[in-house]
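User: I would like to work through this structure step by step. Please keep the answers short.

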Amino acid sequence: MALVAKENTGLRLAARYAVLVLVALVFAFPLVFMVISSLKPDLQLLQDTGSLRAFLPVGDISLDNYFAAFERAPIGRFMLNSVIVTVVTVVLSIVICSVAAFSFAFLNWRGRGVILSIILATLIIPFETIAIPLLLEVSRLPWLGVEGIEWGWLNTYRVQIIPWIVDALTIFLFVQYFKDLPKELIEAARAEGASWFQVYHKIVMPLSGPVLATAAILKSLKMYNEQYLWPLIVVQDEAHRPIMVGLGYFFQLDVAWGELMAYLTLISVPVLVFYLILQRAFIASIASTGVKG
Amino acid sequence: MASKLTTSNRAGWGFALPGFALIATFIILPFFLAFLFSLTNQRLISPNPTEFIGLKNYRDLLSVAVLTIEPERDAAGEIVRDDAGEIQYPRVRTITRSGDFPQYKGMREWFRWQSGDDAKVVIAKDVVFMKALRNTLIFVLFIVPLQGGGALLLALLINQKLRGINIFRTVYFMPVVISIVVVSLLWRFIYDGNDGLLNNILNALSFGLFEPVDWLGNTDTALGSIIAMSAWQAVGFHMVIWLSGLQTISPTFYEVAAIEGASKWQTFRFVTWPGLRNTAVLVLIVITMQAFALFAQIDVMTNGGPLDATQTLVFQTVERGYGKQDISGGSTISVILFLIVLAISLVQRYLTRERD
Amino acid sequence: MKLKKTFTAALMATTAIGGAAAAQTELALWYHGAGNEVEGKIINQIIDEFNASQSDYKVMIESFPQLSYNDSVVAAALAGNLPCILDTDGPNMPNWAWSGYMQPLPIDEAEFANFLPGTKGIYDGKLYSIGLWDAAVALYARQSTLDELGLRTPTLAEPWTGEEFMAALDAAKASGKYDYALDLGMNDQGEWYPYAFSPFLQSFGGDIVDRSAYQTAEGALNGDAALEFGAWWQKLFAEGYAPGTSEDPADQQTGFIDGSFAFQWNGNWRAVATMAEVDDVLFLPAPDFGNGNTIGAGSWQFGVTTSCAAPDGATAFIEYALQDKYLAAFSDALGLIPSTASAAQMTENYKEGGPLAVFYDLSAEQALIRPVTPGYVVEAKVFIKALADIANGADVADTLDAAVDEIDADIEANGGYGH
């Protein structure tokens with residue numbers, strides 16, 4: 001829980017806020033630069049980068065870059081694709097990973113240690129290593145479609161979702177969190193005859209607000225912001241293309257700096273909103289969990 | 001801990017199977033394939049059939065030798081020195097490219113040191129790989145305390161009951177919300193040697209005494225600049241993890257400490273830190289893993305330069321695998337990376353293991 | 001590799017069967033111009049008009065951002081998912097043809113006899129791809145700069161010698177008016193380097209690889225001529241004539257226009273934009289360092305993949321797109337050189353007396369395409385790194401030796417690349 005508030009009198013309070021604000025400036029400035037730059041024409045944007053003018057909405061301010069950006073690339077489509085892929089992956093990920101983590105944290109079964117170690121070992125594998133083998137794999141996988149079995153997963157949503165559902169970090173997060181939960185609750189429930197699934201569903205999950213929010217935030221960031229190489233090689237049509245591949249549209253013969261900034265600002269909005277929403281859930285769950293105080 | 005868990009094979013396997021099956025299919029299987037590639041001469045696209053070549057890729061990457069080079073001597077047998085008084089040595093290429101030493105063919109100088117009058121030169125078959133290895137290790141060494149420790153400080157700062165603290169938490173998290181590619185693009189402007197923001201700010205703060213530095217173009221500062229920027233971007237990420245760990249510490253402990261008159265430092269050391277144990281392990285391991293995967297910033301900002309100062313292992317994997325169409329070479333680097341990180345993480349896990 | 005080939009063959013067979021049954025065959029075309037609105041408009045127009053002009057084939061376009069186009073294509077090739085008509089960057093074509101992904105175009109030689117040499121993608125004696133335009137590089141300068149510094153204006157027939165060029169740079173540097181005398185665009189460490197800078201190497205007498213047999217780079221990339229080139233190259237940066245690899249990408253776009261650079265070595269795709277901002281801009285030919293002066297050649301070209309079910313239809317489309325009116329349209333929009341002289345007369349910039357007309361002759365007479373070998377993909381990467389390292393101060397001889405070693409090892413590892 002938060003430290004007990006004491007000594008919050010005048011000068012100390014001001015000092016605390018001063019520190020917080022100073023640190024905040026350090027973290028906020030590139031975002032401010034990005035948003036402000038998106039409002040300026042290219043030439044002015046570039047000239048302003050060397051000075052404080054980069055953070056000030058001065059000069060020729062307009063929304064022209066945004067209109068131009070929409071003409072250059074189907075931004076709405078890209079964002080829709082990224083949002084669909086992100087949301088579906090995050091939801092499935094939370095369920096499957098927490099279920100798996102439950103078994104590692106609370107149950108004892110043959111092979112538990114080995115399997116957990118293997119899973120954690122995959123944390124080390126950077127995606128670039130397995131990109132090509134994975135490509136060869138998914139281009140041959142079957143899928144039960146409307147018309148029967150289809151082969152190859154390219155140019156779909158599922159190829160952008162399914163390989164990413166389970167990752168070692170999410171499982172690890174849940175495992176570490178579950179290990180900190182009080183065992184007495186679990187034992188009490190089992191003594192009353194609850195099945196393991198009921199323990200998971202009724203006892204552990206309700207207490208997991210903080211880690212659920214954390215896992216959701218981190219996974220959604222990864223799926224939304226970092227999906228570049230994979231969609232590049234498995235998606236060849238614009239209809240399924242996500243936002244980070246769309247970035248290339250602004251790097252044709254000349255870099256369209258202003259439009260680029262507009263694009264970057266636009267694509268940052270959903271993540272920001274998602275994070276703000278989750279933040280509230282995060283705080284609310286802290287307040288409501290009786291055990292954690 | 002194990003004795004307190006209830007044994008239930010069916011439930012255990014049942015719960016773990018979906019997750020494990022997905023990871024096995026989409027991560028473990030491809031990685032195994034990549035490992036097989038490293039033992040062949042697999043190309044990205046090629047009409048030539050793939051051949052099994054065993055450990056040749058590994059030898060090509062890791063071959064190292066030490067040469068002892070004697071100084072040049074003139075007709076009288078005196079050592080030749082140049083204008084600055086430095087001893088002149090024959091060029092390494094006269095040895096490696098001569099027919100006398102076929103085992104050194106294709107090797108290049110990595111670094112050298114003086115031993116008496118002779119120069120000891122370490123030559124390697126793949127100097128770029130060695131530099132990538134060194135840079136990656138340096139990066140990890142610096143980023144773990146910088147990012148992990150910095151994130152903890154931020155978490156402690158944020159974990160106060162002040163009005164509007166959530167606004168600050170959101171702001172500190174901002175850089176994480178932006179993709180690292182975007183951050184790299186923005187910071188490239190900031191680090192610019194001619195008119196970059198950083199140079200201008202430092203110049204203003206030092207009242208004109210500060211000389212502009214070409215942060216990304218100078219071999220001494222390039223890697224450090226990347227380290228600073230990477231820490232800046234990701235520290236909010238780990239602040240969130242530390243925070244969720246801090247939230248699990250029961251406030252009663254803090255009340256007890258307050259009652260007993262503990263100082264801030266003592267409170268931290270005896271109440272906070274022990275309760276953060278599991279979180280600390282998580283943060284440490286995650287930062288280390290992510291640090292070894294350093295790629296995007298290099299790709300956008302420096303392309304491995306200047307003079308390999310920012311070369312990293314994953315960057316080399318991509319460069320060889322995709323850029324130079326040598327999938328087997330890229331896979332070899334990946335396997336070596338995997339083994340290194342596995343070794344380090346095993347050491348980490350051993351040092352931080354739970355002592356029941 | 002074998003498994004994939006069988007899979008590809010199976011795919012071909014099934015699509016062929018499917019194709020014969022359909023009334024109108026759909027041909028997929030992949031293009032590198034996503035995000036470029038002017039290119040998009042013209043190519044879409046060509047496609048619409050082709051589709052309307054006949055009813056056997058329907059071309060459907062899928063656009064990709066240029067930045068990642070090659071990666072997307074190679075990945076699709078691995079997955080057996082290539083389109084019928086493929087847009088390829090000239091020097092990459094041999095690699096894709098050698099790998100078995102492109103087939104020769106069944107176009108009569110007479111039809112493209114009058115095309116600029118750089119637009120013809122000929123590999124192994126056969127035509128695999130053909131381009132609607134060619135690009136060139138020139139030395140951008142202002143007439144006023146030349147006058148101020150008292151320099152002779154070089155022409156195609158009488159370009160600057162190496163000494164004259166360095167004297168010009170010295171004069172610019174001494175004047176103190178410019179941040180740098182010359183801008184080379186060093187921040188763009190991609191295909192720009194071999195395209196823009198290998199002509200300098202060739203002008204000294206070296207080359208990226210020995211073109212007699214394409215089996216080694218020894219002597220070409222690390223011979224005496226190349227060492228001279230390397231020393232000159234290093235001097236440009238060591239003595240502050242040009243910004244190095246850490247150059248701000250924005251500077252390349254605006255530096256010449258706003259007067260930070262006296263001269264700029266830049267492609268003619270920026271010519272139109274520059275002419276709009278600078279009244280007295282001149283496009284000067286490359287200096288001659290002793291072995292004649294050449295310029296790069298070979299830009300984007302259309303070809304047909306081996307997995308195409310209807311190569312005749314694909315070829316019909318390509319021939320349709322090669323009509324002079326379309327070549328002229330692209331040229332006017334992008335500022336690039338149209339492939340035929342007749343098309344050139346229809347354009348704003350390249351007709352008789354047009355501002356960029358000199359480029360047409362330059363391309364016709366002095367263009368030297370990059371090495372036509374499947375090994376080029378690797379050679380380009382090695383060349384880029386060598387040039388960047390030398391610019392950053394590495395030892396010239398060692399760097400070039402290392403580059404040669406790497407290229408030679410790669411050629412050997414690929415069984416000589418089929419030469």
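The turns below go through chain B and then a sheet in chain C of this predicted model.

User: How many helices and strands does chain B have?
Analyst: This is a count of secondary structure elements in chain B. The tally is 14 helices and four strands.

User: Why is chain B described as more spread out than a compact globule?
Analyst: Start with the extent: the C-alpha atoms fill a box of roughly 85 × 65 × 40 Å along the principal axes. Then take the rule: for 356 residues it gives 21 Å. Chain B is well over that, so it is more spread out than a compact globule, with a radius of gyration of 26 Å.

User: What distance separates the centres of the two domains of chain B?
Analyst: The domain assignment gives domain 1 as 64-124 and domain 2 as 128-351. Their centres are taken over C-alpha atoms. The separation is 40 Å.

User: What share of the residues of chain B counts as buried?
Analyst: Buried means under 20% relative accessible area. Chain B has 356 residues, and the share that passes this cut-off is 53%.

User: Which residues of strand S2 in chain B point to the buried face?
Analyst: In a regular strand, side chains alternate between the two faces of the sheet. Strand S2 (residues 64-69) of chain B shows this alternation. B:Val64, B:Val66 and B:Thr68 point to one face and are not buried. The other face has the buried ones: B:Ala65, B:Leu67 and B:Ile69.

User: Which residue stands opposite B:Val66?
Analyst: S2(B) pairs with strand S4 (residues 118-124) of chain B in the antiparallel sense, over six bridges. The residue facing B:Val66 therefore has to be sought in S4(B), since two strands pair if DSSP finds at least two bridges between them. There it is B:Val122.

User: Which strands stand at the edges of the four-stranded sheet in chain C?
Analyst: This open sheet has mixed pairing and the order S9-S10-S8-S11. An edge strand has a single partner, so one side is left without a neighbour in the sheet. That fits S9 (180-183) and S11 (281-284).

User: What is the bridge partner of C:Ala138?
Analyst: Strand S8 (residues 137-142) and strand S10 (residues 261-267) of chain C run antiparallel, joined by four bridges. The partner of C:Ala138 lies in S10(C). It is C:Asn266.

User: At about what angle does helix H6 of chain C run to S9(C)?
Analyst: Helix H6 (residues 162-175) lies across S8, S9 and S10 of chain C. Helix H7 (residues 192-204) also packs on the sheet, touching S8 and S10. For H6 against S9(C), the angle is about 130 degrees.

Methods
Residues numbered from 1 in each chain as written. Chains lettered and ligands numbered in written order. Predicted model: local features only at pLDDT ≥ 70, side-chain atom pairs only at ≥ 80, totals over all residues. Heavy atoms only, no water. Contact = heavy atoms within 4.5 Å. Axes fitted to C-alpha atoms, helices over the stretch in contact; angles between N-to-C directions. Domains from an automatic or database assignment. Rg over C-alpha atoms; globule rule 2.2 N^0.38 Å. Buried < 20%, exposed > 50% of the residue type's maximum accessible area, 1.4 Å probe, protein only.
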